[in-house]
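Trainee: I am new to this structure and would like a close look at one part of it, the sheet and what surrounds it. Could you take me through that part slowly, in one connected account?

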Amino acid sequence: MLFSKTIDLHFYTKHKFVYDFAKPKTGQSTAPEWFRKLPTGSRGLEDGVTSRSNLRSCPAFSDYHKKAIQLPLWSDLILQLAPKGDDSYSWEFSDGLSSIRTHSNTLLGNYRPDTEFKHLLIQGPWFVECDKPVDFIMCQPSWQNFEFPTMCTSQGVLNFYKQPTLNTQMYIKRTDETQDIFMKHGTPLLDLIPLTEKKIKVHVHFDKEKHEELASYTPQVKFTGGYNYTRAALKKCPHK
């Protein structure tokens, strides 16, 4: 429809176990379990504050989870980082399929040496399409720092109308001792927040053919700056 108030967001995977056991979450299911168990409403005053006030009654937190689209981890993951002064690390997924790439600290202009932190890219099992040019903020799920205090998920803006890739970049700070980090299946990995007032309707598909089609459309036509280069080319194309 020309003036549709709904935006369709499609997630495609070629892995049946991901489709069955790790679909993206929406709405209040994106909130942590303890948050969902908080009582609603309030009653009475104590020192000018409602005696039963809690985060669930705060519109900012509630509205965040109403809008969030959350990607749970699709497989158990073990990360091991050597202590400060050593740049080694290792990882293992229980699915035996998923993979992680590392980025050099030169991407940060040598802001910190590799012996102090590790910049990892977790390659996701989903490719995504949106029927409208809507931006999504990619951010760290709420309260993740309590579970993984040395880990930080990189923030950014994605537009799935223009590109289908959805990976997770994170920084892990090294400590004085070796770290063994266990992230279990279902751990919230990434939140997507749409920058629009329109309703987002999420569709999830197990579709190997479509997944491979979108995987092939991740244009690497330039050594650097390829994303902006191809975006500019599409704007000039009369058939797009």
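**The open sheet and its surroundings**

Mentor: Let us begin with one pair of strands in this predicted model: strand 11, which covers residues 135–139, and strand 16, which covers residues 188–194, pair in the antiparallel sense over four bridges. Within this pairing, Met138 has Leu192 in strand 16 as its bridge partner.

The two strands belong to an open sheet of five strands, whose order is 2-5-16-11-13 and whose pairing is antiparallel. At the edges stand strand 2 (25–26) and strand 13 (156–159), and each has a single partner strand, so one side of each is left without a neighbour in the sheet. As a general point, the strands of a sheet pair through backbone hydrogen bonds, and the pairing is either parallel or antiparallel.

On the other side of strand 16 in the sheet order comes strand 5, and four bridges join strand 5 to strand 16, the two running antiparallel. Here Leu71 has Leu190 in strand 16 as its bridge partner. Strand 5 also pairs with strand 2, again in the antiparallel sense, but over two bridges, and there Thr26 stands opposite Ile69 in strand 5.

Strand 5 deserves a pause, for both of its faces are covered. Ile69 and Leu71 lie on one side, Gln70 and Pro72 lie on the other, and all of these residues are buried. Across strand 5 (69–72), strand 11 and strand 16 lies helix 3, made of residues 59–67, and this helix runs at about 95 degrees to strand 16.

Aromatic rings are the next thing to follow, and the structure holds 10 aromatic pairs. One of them joins Trp91 and Phe93, whose ring centres are 5.9 Å apart and whose planes stand at 65 degrees, so the pair is edge-to-face. Trp91 has a relative accessible area of 32% and is therefore partly exposed, whereas Phe93, at 5% relative accessibility, counts as buried.

A further pair brings us back to the sheet: the rings of Phe136 and Phe160 have their centres 5.6 Å apart and their planes at 50 degrees, so this pair is tilted. It links distant parts of the chain, since Phe136 belongs to strand 11 while Phe160 sits in the loop between strand 13 and strand 14 (168–173), with their positions 24 residues apart. Phe136 has 0% relative accessibility and counts as buried, and Phe160, at 2%, counts as buried too.

The loop that holds Phe160 also contains Gln163. This glutamine has a relative accessible area of 14% and is buried, because buried means under 20%. The side chain of Gln163 reaches the backbone nitrogen of Thr165 at 2.9 Å.

Some other aromatic features can be added to the picture. Trp34, Phe35, Phe61, Trp143 and Phe146 form one aromatic cluster. Two rings have a charged side chain over them: Lys16 lies over the face of Phe206, at 6.0 Å from the ring centre, and the charged end of Arg112 sits over the ring of Tyr111, 4.5 Å from its centre.

To draw the account together, strand 16 is joined to strand 11 over four bridges and to strand 5 over four bridges, helix 3 lies across these strands, and Phe136 in strand 11 links the sheet to the loop that follows strand 13.

Conventions:
Residues numbered from 1 in each chain as written. Predicted model: local features only at pLDDT ≥ 70, side-chain atom pairs only at ≥ 80, totals over all residues. Heavy atoms only, no water. Pairing = 2+ DSSP bridges. Contact = heavy atoms within 4.5 Å. Axes fitted to C-alpha atoms, helices over the stretch in contact; angles between N-to-C directions. Phe/Tyr/Trp six-rings, centres within 6.5 Å; stacked < 30°, edge-to-face > 60°. Buried < 20%, exposed > 50% of the residue type's maximum accessible area, 1.4 Å probe, protein only. Lys NZ or Arg CZ within 6 Å of the ring centre and 35° of its normal. Polar contact = N/O pair within 3.5 Å; in protein donor to acceptor, adjacent residues only side chain to side chain.
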